[in-house]
Amino acid sequence: MVRQGKRGGVVRWRAILIAAVLAGLCLLATLTVARLATQGALTEGRDRAEATLRQTVNALDGHLRRFETVPALLVRHEELRRFMERVPTEAETAAMNRWLKATNALIDGSDLYLIRTDGTTIAASNYDRADSFIGQNFTYRPYFTEALAGGTGRFFALGTTSGVRGYYFASPVLDRMGDVVAVLALKIGVDDLEQGWKAREYETLVTDPEGIVFMATQEEWRYRGLLPLTAERVARTEASRRYSEMPLEELEVTARDEGGFELMTLATPDGVQHEYVVAARAMPEAGWTVHVALDTAPLRAQARLLVAAVVLMLAVTLALGWALVQRRARLAERIAMQGAAQAELERQVAERTADLTTANAELQRMQADLVQAGKLAALGRMSAALSHEINQPLAAARNYADSAALLIDRGETARARGNIGEILSLIDRMAAIARHLRNVARKPDEKLHPVDLATVVADAVKLSQTRLAASGVEVRLDVAEGLPPVRGGPVRLQQVVVNLLSNAADAMEGVAAPMIEIAARRTAEGVVLAVRDHGPGVPASIADRILEPFFTTKAVGSGLGLGLSISYNIVKDFGGDLRVANHPGGGAVFEVVLQPAPAREMAAE
């Protein structure tokens, strides 16, 4: 006994050790899943940001290329050359202003203007506005100096006169000798492009060569440095007056690398710090760098949700594992104690008499064999009975389920709901059948009450429709009107009718035109329900035994002969009778004699 107790203690400690190991493995798995889930979510976010970045860069590049060659084409117009050959009159200047305005409207630019070599604007499309460029000097603008040198000028800046951001293209106007006599500049707006970015879930920033943000989905980020604003950067920016008198500040930004992902923390206008996964691409010709940032909060929430699901699954697994280990430990202890007790008992019995031990062991073996054989036989009979009696309800339920699926696909939910109701009724009926099979040998506790025979027959035919249709059986109903309610139970009576229909169909195997006739009449005996088939009939040699349990004429494996026996007992429970005879015109007739429900039961209903 002491050894067994020590063994039980060892088993318990072994269970605790196994549980600790499982908990450690679960923790390690959780940490691994958390890391992989975060990496997966950030990878997805980065890929989405890069895809959006490509679209954004392509849109910006396409927008710029649309206007890039316009000034170079316009400077070839003879009107510009003639205008610059001499000092223009007021009428010629007015005509040039109108031409610039019409041309600018045609190309959908922001402003189109002509600059002398000394940097003074002499004609402009906005000549008639209060913020006209006429008379303004732009020698400080890089696009002017580049075009004056004979090249193509490009520059992005905040307008010093209009205060409107824009991208500038400029081309030199040459005289007949090839000398530069003026510069034609075109300004295009970017507000519409920027406005389109705000409808997306991404934050978009465009920085100049000094790292200063001049286009952004968040207005508060404009004219702020994404890079540190060193003295050199500020000096270069002020020299070109890129942002006029706009004060420049640094953004509160923190950049870091997490597992190969470029992450950036920025404060939004609401003052909240947001972490973003960032994708960036340079546009060398424009001198821009485009940044697309996607907030990592939804990505990390997605990863946490996955981790939570894994943790829950692991917790359930660990709990089940612990329960199993505990159960095994308790079972081992119980087996050990039982083994010890049995060994002690056997020792005592062996000490008294060896002969008694041998006889007792033999008796126990025989008793165990008999009990086991009885259990197996009962289980076999019950399983066969259940299989035999519920096959047709199951087939009908399957038919209703298939029909309901088609009705749902067609949107006929009301009819589908009706089919589901029928399936539920079949389930109740199968439960009742199982209960009745269990109670074949004794009187059931179900109370009898009035039953409408016509309704029971109609439901039974409906339940058997699949089986009958498969055999090509035609059913003819002849139920008299005005039949009184009969005494019985609807489910069990329906079971009797279904069983008679099934047997009738089986009896007509191989018949060319199988047909079942169902008739119900009021007679002196009561209400008689007759089910006739057109098969070979019942041989006289077995007519007396056909209602006995386990008597069957079917092939081995096709049934145990319980159907008619159960039906007979059910009808007897109702106070009626079930009998069989051969019809003069051929085939067998099974008659169910039922008693009309007493008046007091009708009143109780």
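A residue counts as buried when its relative accessible area is under 20%. S125, at 6%, is therefore buried in this predicted model. The protein has 605 residues, of which 38% are buried, and its fold contains 15 helices and 20 strands.

**Confidence**

- The mean pLDDT of the protein is 80, and 84% of its residues reach 70 or more.
- Ranked by mean pLDDT, the elements run from helix α15 (residues 599-604), the lowest at 60, to strand β18 (residues 527-532), the highest at 94.
- Residues 370-379 have pLDDT below 50, and this stretch makes zero contacts beyond near neighbours in sequence.
- Residues 439-443 also have pLDDT below 50, with three contacts beyond near neighbours in sequence.

**Contacts and surface totals**

- Of the contacts between residues at least 6 apart in sequence, 61% join residues at least 24 apart.
- The exposed area of the protein is about 32,800 Å², with 57% of it supplied by carbon and sulfur atoms.

**Nonpolar cores**

- In soluble globular proteins, nonpolar side chains tend to be buried together.
- The largest nonpolar core here has 51 residues, and L114, L184 and W288 have the most contacts inside it.
- Helix α1 (residues 2-68) contributes the largest share of this core, seven residues.
- Leaving aside residues up to four places away in sequence, L184 touches P71, L74, V75, L80, L100, L112, Y113, L114, F169, A170, S171 and V173.
- A second, separate core has 46 residues, including L426, A460, V473 and L578.

**Surface patch at W13**

- W13 lies in helix α1.
- Exposed means over 50% relative accessible area; W13 has 63% and is therefore exposed.
- Together with I16 and W322, W13 makes a nonpolar surface patch of about 360 Å².

**The site of S125**

- S125 sits in the loop between β2 (121-124) and α5 (142-148).
- Not counting residues up to four places away in sequence, S125 touches N97, L100, K101, N104, D111 and L112.
- Two of these partners, L100 and L112, appear in the contact list of S125 and also in that of L184.
- S125 is buried at 6% relative accessible area, whereas W13 is exposed at 63%.

How values were computed:
Residues are numbered from 1 along each chain as its sequence is written. Side-chain values use heavy atoms; hydrogens and water are left out. pLDDT is the predictor's confidence in each residue, from 0 to 100. Helices (H or I, at least four residues) and strands (E, at least two) are DSSP runs, numbered from the N terminus. Contact means heavy atoms within 4.5 Å. A nonpolar core is a set of buried Ala, Val, Leu, Ile, Met, Phe, Trp, Tyr and Cys residues joined through side-chain atoms within 4.5 Å. Buried means under 20% relative accessible area, exposed over 50%, partly exposed in between (1.4 Å probe, protein chains only). Patches are made of residues with over 30% relative accessible area and no salt bridge: like charges are joined within 9 Å, nonpolar side chains (Val, Leu, Ile, Met, Phe, Trp, Tyr) within 5 Å. Accessible areas come from the Shrake-Rupley method with a 1.4 Å probe; for residues, only the protein chains shown count as cover. A salt bridge is a side-chain nitrogen of Lys or Arg within 4 Å of a carboxyl oxygen of Asp or Glu.
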